[in-house]
Amino acid sequence: MPLGAYYKIWWYPEIGQGRIVKFFRKPSKGNERVFSEFDPFGEPLGNDNNVDKGDDVERFNERMSQSISRTKSRIFELAGCNPWDWFFTGTLNPEWHDTCNLEAFRKRLSQYIRDCRKKYGTPCAFLLIPEQHKSGAWHVHGLLSGFPDKAFRKFEKNEMLPHKILKEINKGSDIRDWTGYSAKFGFTTVSPIRCQAKCTSYVTKYITKDCYKTSISNGGHMFYASQGLKGKVLAFEGKRLPLDIGKVEFGYSNDYVEIADINKLPKSCIGE
């Protein structure tokens, strides 16, 4: 195993942000995944009383923490490397659907979005995170792209809407109804994304300890995404950072890596 530091610079083109990762030894093909499991998105979970019998509490929490970290990192990557137009929240009408059946919800929604691609002739894409209410009912938050404006209808101030939404509309917020979704599934809100960088950071907040337990226990995943989405770009790798990178302040470190976020890609890395 080669000794000494090894650097990688990852770039998220749609939000103009990057990440420098300093490995304390060069990751090989066999151990790359081990290193990549540890990142600054991890959260302290503490002990958990809902561990299956026979499972060690510490091992369970470590596995859950690593899974949450990897998922947040992947969502940040997909959100920051693809052009998104809309932030979406969708619910299920209990009179039409079994609101507690996440897999059935996922299948119907995926099919509906495929139908939208045919209808509009555009590459409609999604990045969705399921969330379970205390009642057991599921709803989703996420990002959409490729849908034309005509797919959404602006809510009016005189409509019967939740107070929180009416308050935002009265302030001038652009909040819309995804008419096709609401006719098939339930109440929904869609808003145009004003700042993708902020939105990218925001959507990772939905990945929590509760999200892990409820999604996995229901045989699902912590997020769902369209196929063919772009990933982060490896802009540089080597034993020494480019000379034009300037001073680097690493904001996170553990036994495996140090990580620093950057807002500008060094000229020497452009085109690599």
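Biologist: Let's start with strand β3, residues 86-90: what makes this strand mostly covered?

Modeller: In this predicted model, five of the five residues of β3 are buried. Both faces are covered, with Trp86, Phe88 and Gly90 on one side and Phe87 and Thr89 on the other.

Biologist: Why would neighbours in a strand point to opposite sides?

Modeller: Because side chains alternate between the two faces of the sheet in a regular strand.

Biologist: How do you know that β3 pairs with β5?

Modeller: Pairing needs at least two bridges, and five join β3 to β5, running antiparallel. Gly90 stands opposite Val140 in β5. Five bridges also join β3 to β8, again antiparallel, and there Trp86 has Pro192 as its bridge partner.

Biologist: Nice! On to the rings: why is the pair of Phe147 and Trp178 called edge-to-face?

Modeller: Their centres are 5.1 Å apart, with 70° between the planes; over 60 counts as edge-to-face, so the name fits. Phe147 lies in the loop between β5 and β6 and Trp178 in strand β7, so the pair ties together parts 31 residues apart in sequence.

Biologist: And what makes Trp178 buried?

Modeller: Its relative accessible area is 1%, and buried means under 20%.

Biologist: Why is the pair of Phe155 and Phe187 called stacked?

Modeller: The planes of Phe155 and Phe187 are at 20°, and under 30 degrees counts as stacked, so that is the label.

Biologist: Why does Phe187 count as partly exposed?

Modeller: Phe187 has 36% relative accessibility, which falls between the 20% and 50% limits, so partly exposed is the right term. Phe155, at 8%, is buried.

Methods: Residues numbered from 1 in each chain as written. Predicted model: local features only at pLDDT ≥ 70, side-chain atom pairs only at ≥ 80, totals over all residues. Heavy atoms only, no water. Buried < 20%, exposed > 50% of the residue type's maximum accessible area, 1.4 Å probe, protein only. Helix = DSSP H or I, 4+ residues; strand = E, 2+ residues; numbered from the N terminus. Phe/Tyr/Trp six-rings, centres within 6.5 Å; stacked < 30°, edge-to-face > 60°.
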